[in-house]
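Here are some notes for a first look at this entry. Please read them with the sequence and the model side by side.

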Amino acid sequence: MIKFWSLTSKGKLATLDQPTEKLLSLVISADGKYLISGSADKTVKIWQNG
């Protein structure tokens, strides 16, 4: 599971489901519109903001 937290309010902003295998990489696109994760089971997931 991937969780996003606000540094100012310390509140949770969002939770994303993650593959059952170990998370190996996590990247946020330069424009902030996409989050890309890669896991040990060779799964790549792309989430779009909004």
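Which residue takes a positive phi in the hairpin of strand 1 and strand 2?

1. The residue is Lys-10, with a phi near 60°. The hairpin has six residues between its strands. Note that this is a predicted model.

2. The two strands of that hairpin, strand 1 (residues 2–5) and strand 2 (residues 12–16), run antiparallel and are joined by four bridges. One pair to look for is Lys-3 with its bridge partner in strand 2, Thr-15.

3. Strands 3, 4 and 5 make an open sheet of three strands in the order 3-4-5, paired antiparallel. Strand 3 (23–28) and strand 5 (44–48) each have a single partner strand and stand at the edges, so one side of each lacks a neighbour in the sheet. From one strand to the next the twist averages 15°.

4. Within this sheet, five bridges hold the antiparallel pairing of strand 3 with strand 4 (residues 34–39). Opposite Val-27 stands Ile-36 of strand 4.

5. As for the chain overall, it has five strands and zero helices, giving the pattern β-β-β-β-β along the sequence. The C-alpha trace spans about 35 × 20 × 15 Å along its principal axes.

6. Of the 50 residues in the chain, 22% are buried. The chain exposes about 4100 Å², and carbon and sulfur atoms supply 56% of that area. Among contacts between residues at least 6 apart in sequence, 15% join residues at least 24 apart.

7. On charge, there are 7 positive and 4 negative side chains, and the centres of the two sets lie 7 Å apart.

Technical notes. Residues are numbered from 1 along each chain as its sequence is written. This is a predicted model: local features need pLDDT of at least 70, side-chain atom pairs count only at pLDDT 80 or more; totals for chains, interfaces and linings use all residues. Side-chain values use heavy atoms; hydrogens and water are left out. Two strands pair if DSSP finds at least two bridges between them. Axes are lines fitted to C-alpha atoms, for helices over the stretch in contact, and angles run from 0 to 180 degrees between N-to-C directions. Buried means under 20% relative accessible area, exposed over 50%, partly exposed in between (1.4 Å probe, protein chains only). Contact means heavy atoms within 4.5 Å. Accessible areas come from the Shrake-Rupley method with a 1.4 Å probe; for residues, only the protein chains shown count as cover. Lys and Arg count as positive and Asp and Glu as negative; His and the chain ends are not counted. The place of a charge is taken as NZ of Lys, CZ of Arg, CG of Asp or CD of Glu.
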